[in-house]
Amino acid sequence: QVQLVESGGGLVQPGGSLRLSCAASGFTFSSYGMSWVRQAPGKGLEWVSDINGGGGGKYYADSVKGRFTISRDNAKNTLYLQMNRLKPEDTAVYYCAKSTAWGFTAVYDYWGQGTQVTVSS
């Protein structure tokens, strides 16, 4: 069955960096777009970034553009999110999500369990 397992979260000071990973299994990873979505305490889901199945197309929310980089290694079935210059407002549970197509659909059929990122001094 499809599984998405995030890792790499933790506590970091403002201005610091973290790299999140999402290990995928149970489907042909390179055939589907993938996304990162986050949920801050007491708030709804916020889309962060998309990447298409080939890895050449990427989109970012304005709130993270220039600071976060999404990437994927299709040989390793793994999605990444490099987060630099972190801010307290980046504090959230970060989820990876599988799109229903190779491109960008904003429709997800599987989600990981999430990894907590806390930005605080």
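How many salt bridges does the count come to? The count comes to 5 salt bridges. The structure is a predicted model. Arg38 recurs in this briefing: it is buried, with a relative accessible area of 5%, and it belongs to a network of salt bridges that links Arg38, Glu46, Arg67 and Asp90. The points below cover the strand that holds Arg38, the salt bridges, an open sheet, the aromatic rings and the contacts of Thr91.

**Strand β4 and its partners**

- Strand β4 covers residues 34–39, and 5 of its 6 residues are buried, so this strand is largely enclosed by the rest of the structure.
- Strand β5, residues 45–51, pairs with β4 in the antiparallel sense, over 6 bridges.
- Within that pairing, Arg38 has Glu46 of β5 as its bridge partner.
- The hairpin of β4 and β5 has 5 residues between the strands, and Gly42 in this hairpin takes a positive phi near 75°.
- Strand β9, residues 92–99, also pairs with β4 in the antiparallel sense, over 6 bridges.
- In β9, the residue that stands opposite Arg38 is Tyr94.

**Salt bridges**

- Side chains of opposite charge can pair when their charged atoms come close.
- Arg38 forms a salt bridge with Glu46, and the closest N and O atoms of the two are 2.7 Å apart.
- Glu46 is therefore a partner of Arg38 both as a strand bridge and as a salt bridge, and Glu46 counts as partly exposed because its relative accessibility is 30%, between the limits of 20% and 50%.
- Arg38 counts as buried, since its 5% relative accessible area is under the 20% limit.
- Arg38 also meets Asp90 in a salt bridge, at 2.9 Å from N to O.
- Asp90 lies in the loop between β8 and β9 while Arg38 lies in strand β4, so this pair ties together parts that are 52 residues apart in sequence.
- Asp90 and Arg38 are both buried.
- Which residues are linked with Arg38 in a network of salt bridges? They are Glu46, Arg67 and Asp90.
- Another salt bridge joins the side chains of Asp62 and Lys65, at 3.2 Å from N to O.
- Asp62 is exposed, with a relative accessible area of 66%.

**An open sheet of 4 strands**

- The strands of this open sheet stand in the order β1-β3-β8-β7, and their pairing is antiparallel.
- The edge strands are β1 (3–7) and β7 (68–73), each of which pairs on one side only.
- From one strand to the next, the twist averages 15°.
- β7 pairs with β8, residues 78–83, in the antiparallel sense over 6 bridges.
- Thr69 has Gln82 in β8 as its bridge partner.

**Aromatic rings**

- A pair of aromatic rings is described by the distance of the centres and the angle of the planes.
- The whole structure holds 5 aromatic pairs.
- One of these pairs is Phe27 with Phe29, which is tilted, with 6.1 Å from centre to centre and 55° between the planes.
- Phe27 and Phe29 are both buried.
- Phe27 also pairs with Tyr32, in an edge-to-face arrangement with 5.9 Å from centre to centre and 75° between the planes.
- Is Tyr32 buried or partly exposed? Tyr32 counts as partly exposed, at 25% relative accessibility, whereas Phe27 is buried, with a relative accessible area of 16%.
- Phe27, Phe29 and Tyr32 together form one aromatic cluster.

**Charges over rings**

- The ring of Phe27 has the charged end of Lys98 over it, 5.4 Å from the ring centre.
- Arg19 lies over the face of Tyr80, at 4.0 Å from the ring centre.

**Thr91**

- Where does Thr91 lie? Thr91 lies in the loop between β8 and β9, the loop that also holds Asp90.
- Thr91 counts as buried, at 16% relative accessibility.
- A polar atom of the Thr91 side chain lies 2.9 Å from the backbone oxygen of Pro88.
- The Thr91 side chain also reaches the backbone nitrogen of Val119, at 2.9 Å.

Conventions:
Residues numbered from 1 in each chain as written. Predicted model: local features only at pLDDT ≥ 70, side-chain atom pairs only at ≥ 80, totals over all residues. Heavy atoms only, no water. Buried < 20%, exposed > 50% of the residue type's maximum accessible area, 1.4 Å probe, protein only. Helix = DSSP H or I, 4+ residues; strand = E, 2+ residues; numbered from the N terminus. Pairing = 2+ DSSP bridges. Phe/Tyr/Trp six-rings, centres within 6.5 Å; stacked < 30°, edge-to-face > 60°. Lys NZ or Arg CZ within 6 Å of the ring centre and 35° of its normal. Axes fitted to C-alpha atoms, helices over the stretch in contact; angles between N-to-C directions. Salt bridge = Lys/Arg side-chain N within 4 Å of Asp/Glu carboxyl O. Polar contact = N/O pair within 3.5 Å; in protein donor to acceptor, adjacent residues only side chain to side chain.
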